[in-house]
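Hi,

Here is the structure I said I would pass on. Have a look at it first, and my notes are underneath.

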Amino acid sequence: MSTLPVYRWRLAPDGLATRRQLRAAGLRPGGQDVAAQLERPRRRRGPLVAYLYRVDLAKPVRPMTPAKWAALAKANAARRICTACRRDAGYVIPAALGTCVPCAYPGPNGPEGSTR
């Protein structure tokens with residue numbers, strides 16, 4: 001097993017990119033192995049590590065199919081439904097609350113009496 005080359009922050013050679021950099025260019029790693037490692041030093045903790053991939057071996061991002069778009073729309077719609085009142089909140093319900101804001105913090109008249 002060979003070790004990966006390690007580069008310091010901002011000192012990686014051209015032709016290598018992180019997953020985010022590949023995605024911004026409309027590419028994906030495409031099954032290739034990690035080519036190198038990037039380390040950003042931090043005080044009092046271990047370094048931040050990012051893996052680098054070869055840009056010349058990267059493949060284009062697969063396009064979204066109509067079925068994927070439909071599944072994504074359904075998942076996002078489910079995140080907007082309040083579990084208590086079963087209404088569409090009009091926004092993504094925070095996971096910390098678990099319910100829409102009127103149900104989580106009812107006014108003096110209950111969730112129905114709050115202003116929406």
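**What turned up**

Three bridges tie strand S1 to strand S4 (residues 36–42), and these two run parallel. One of the partnerships across S1 and S4 is Arg-8 with Glu-39. Keep in mind that this is a predicted model.

Zooming out, the sheet is open, has four strands in the order S1-S4-S5-S2, and its pairing is mixed. Its edge strands are S1 (6–8) and S2 (16–17), each of which pairs on one side only.

The other pairings are antiparallel. S4 and S5 are joined by six bridges and run antiparallel, with Arg-40 standing opposite Leu-48 in S5. Their hairpin has two residues between the strands, and Arg-44 takes a positive phi there, near 65°. On the other side, S2 and S5 (residues 45–54) share two bridges, again antiparallel; Leu-16 stands opposite Arg-54 in that pairing.

Arg-40 is worth a second look. Its charged end sits over the ring of Trp-9, 4.8 Å from the ring centre. As for ring-on-ring contacts, a search of the whole structure gives zero aromatic pairs.

Then there are the pockets. The largest one has a volume of about 170 Å³. It is lined by 13 residues, and Ala-12, Thr-18, Gln-21, Leu-38 and Leu-52 are the ones nearest its centre. What classes of residue make up the lining of the largest pocket? Eight are nonpolar, three polar and two charged.

Shout if anything is unclear.

Cheers

Notes:
Residues numbered from 1 in each chain as written. Predicted model: local features only at pLDDT ≥ 70, side-chain atom pairs only at ≥ 80, totals over all residues. Heavy atoms only, no water. Pairing = 2+ DSSP bridges. 1 Å grid on protein atoms, 1.4 Å probe; cavity = no way out; pocket = protein on both sides within 12 Å on 5 of 7 lines; lining within 4 Å. Points joined across faces, edges and corners; volume = space filled by probe spheres on them. Nonpolar A, V, L, I, M, F, W, Y, C, P; charged D, E, K, R; others polar. Phe/Tyr/Trp six-rings, centres within 6.5 Å; stacked < 30°, edge-to-face > 60°. Lys NZ or Arg CZ within 6 Å of the ring centre and 35° of its normal.
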